[in-house]
Amino acid sequence: MVMEKQLGSDTARSAASLQESWARIRGRLREEVGEVEYRTWLRQMTLVGIEGDEVVVNLPTRFLRDWVRSHYGDRLRALWQHEAPAVRRADVRVAPQPRGATPAAEDDAAVATPLQPGLAESLAPRTPPAPRANGVDLRGEWSAPLDPRFTFESFVVGKPNEFAYACARRVAEKPASPGFNPLFLYGGVGLGKTHLMHAVAWAISDGEPARNVAYMSAEKFMYRFISALRSQSTMEFKESLRSVDVLMVDDLQFLIGKDNTQEEFFHTFNALIDAGKQIIISADKSPSDLNGLEDRLRTRLGCGMVADIHATTYELRLSILQAKAAAAGVPVPKTVLEFLAHKITSNVRELEGALNRLIAHANLFGRAVTPDSAQEVLHDLLRAHDRRVTIEEIQRKVAEHYNIRLTDMSSARRARNVARPRQVAMYLAKQLTSRSLPEIGRRFGNRDHTTVMHAVSRISELMQADSAFAEDVELLRRMLET
Ligand code: ADP
Ligand code: MG
């Protein structure tokens, strides 16, 4: 931690206690916003000191300053006020980080250990599912096998999924607690719904093997129900289903339009909830958006806890890749992981697939993974995922960011405060789209392709020379990509 300013007449003792307060505040913030967000925005904060009724914090770039000011300014002030009641305001300023300065030690520890305990084991090559050490087989004919890799420990938490994760954890600890029953998880394909459900099932049956946990797809539910109808054993069907303690039904959207099955599901659902059993449902949409479900079922589904899993962010994708590469025990250069996290944005399943292909390739040919080999092995996948960012979007975001008019992107003005942002936009257009140099030039007020070329090399040079500038451009890129 760098103290850039002596704090008036304060003694060393109070400077030390200021640092203690600061450490507590950082800890709090980190808990509140989550690890990924903390690392992205807040980690580089340094405390300048308290000046009168104002606490001053530094960040290395204007972009970070603006972001932190608008998103965390109030929270910073409130937390400080709690520690030092005299503080009324919080100011965030820009100051380059002193050479060699590193974020506080606690941060480094957190960065260096992205893996939670148990991750390596749970991501190890697939072993036949169950029986696990304690021999849980999720009794009864009801449950589909659980994937041994899908545990809480192997689930990487970030902003897009932290709420769903917290809810799942909570349900695993205390099934059927009020407010969390049913737990309804929803989100797009490949974002971790099934993973979280299995994790709850593993956690519950690890803690209390006697609990009867049944996990099944909605499709399986329907299939069972129809077979029972056919063999006239619906009574048994109902009885045995109602004997479970925790019922998980995955991909409920499958029941849309299947009226008889919905009816049966509705009754089972009510009977279980009334008997104090936990229910967990997943679907690709929220209850209110699941058109084609009976209204009364929809209403009941939404009356517990509804948690959505959002699309992944760049940071989450990178953390997931780091965790999975580390667990596989194959060294993959950071640049390759970053490249994948940039390029493959659809869902975690595809991300995992790409990484697995690289690793398999490396093992097969006994060659290290490099940026070139990654391009080569994944070229088909990468083409399919070519970014869809448009030049207009880039121009708009960059103009907004540097506070210039959008029209200046194509104007003839050459003042530095306009020309530099324009070059940044050209640079990003080259990086993020597949447009050719002449095409990019045309979109920037009919400029020549050599102008674009010059912009690209100028911005690369500046990024090399000035790390604050580089970070600025990098953050713009991330915002455009996610
Ligand atoms: P869904 O059921 O939402 O379609 P899955 O749960 O099957 O998605 O997840 C797809 C794949 O991605 C699985 O292999 C899963 O382990 C992995 N995955 C998804 N989210 C995460 C995460 N946050 N951390 C680790 N792995 C994840
Ligand atoms: Mg699934």
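Reader: What makes the pairing in the open sheet of three strands mixed or uniform, and in what order do the strands run?

Author: The order is S1-S2-S3, and the pairing is mixed. Strands pair if DSSP finds at least two bridges between them. Strands here are DSSP runs of E with at least two residues, helices are runs of H or I with at least four, and both are numbered from the N terminus.

Reader: Why do S1 and S3 count as edges?

Author: Strand S1 (46-51) and strand S3 (89-94) each have a single partner strand, so one side of each has no neighbour in the sheet. The average twist from one strand to the next is 25°.

Reader: How do you know that S1 and S2 pair?

Author: S1 and strand S2 (residues 54-59) share five bridges, in the antiparallel sense. The requirement is at least two bridges, so S1 and S2 qualify as a pair. Gly49 has Val56 in S2 as its bridge partner.

Reader: What kind of model is this?

Author: The model is predicted: local features need pLDDT of at least 70, side-chain atom pairs count only at pLDDT 80 or more, and totals for chains, interfaces and linings use all residues; side-chain values use heavy atoms, with hydrogens and water left out. Residues are numbered from 1 along each chain as its sequence is written, while chains are lettered from A and ligands numbered from 1 in the order in which they are written.

Reader: What is the order of the open sheet of five strands?

Author: S5-S6-S7-S4-S8, with parallel pairing. Strand S5 (213-217) and strand S8 (305-309) stand at the edges, because each has a single partner strand. The twist averages 15° from one strand to the next.

Reader: How do you know that S6 and S7 pair?

Author: Strand S6 (residues 246-250) and strand S7 (residues 278-283) are joined by four bridges in the parallel sense. Val246 has Gln278 as its bridge partner in S7. Helix H10 (residues 259-274) packs on this sheet and touches S6 and S7. The direction of H10 makes about 140° with that of S7 (axes are lines fitted to C-alpha atoms, for helices over the stretch in contact; angles run from 0 to 180 degrees between N-to-C directions).

Reader: Why is Asn181 called buried or exposed?

Author: Buried means under 20% relative accessible area, exposed over 50%, partly exposed in between (1.4 Å probe, protein chains only). Asn181 has 14% relative accessibility, so Asn181 counts as buried. Asn181 lies in the loop between helix H6 (162-173) and strand S4 (183-187).

Reader: What makes the link between Asn181 and Gln278 a polar contact?

Author: Their side chains come to 3.2 Å. The limit is 3.5 Å between N or O atoms; within protein, one must be able to donate a hydrogen and the other to accept it, and residues adjacent in sequence count only if both atoms are side-chain atoms. The Asn181 side chain also reaches the backbone oxygen of Lys277, at 2.7 Å.

Reader: Why does Glu439 count as it does?

Author: At 26% relative accessibility, Glu439 falls between the two limits, so Glu439 is partly exposed. Glu439 belongs to helix H19 (residues 437-443).

Reader: Which residues touch the most other members of the largest nonpolar core?

Author: Among its 29 residues, they are Ile394, Val398, Val424, Leu428, Phe444 and Phe469. Helix H18 (416-432) is one of the elements that give two or more residues to this core. H18 gives the most, with seven residues. Such a core is a set of buried Ala, Val, Leu, Ile, Met, Phe, Trp, Tyr and Cys residues joined through side-chain atoms within 4.5 Å.

Technical notes
Contact means heavy atoms within 4.5 Å.
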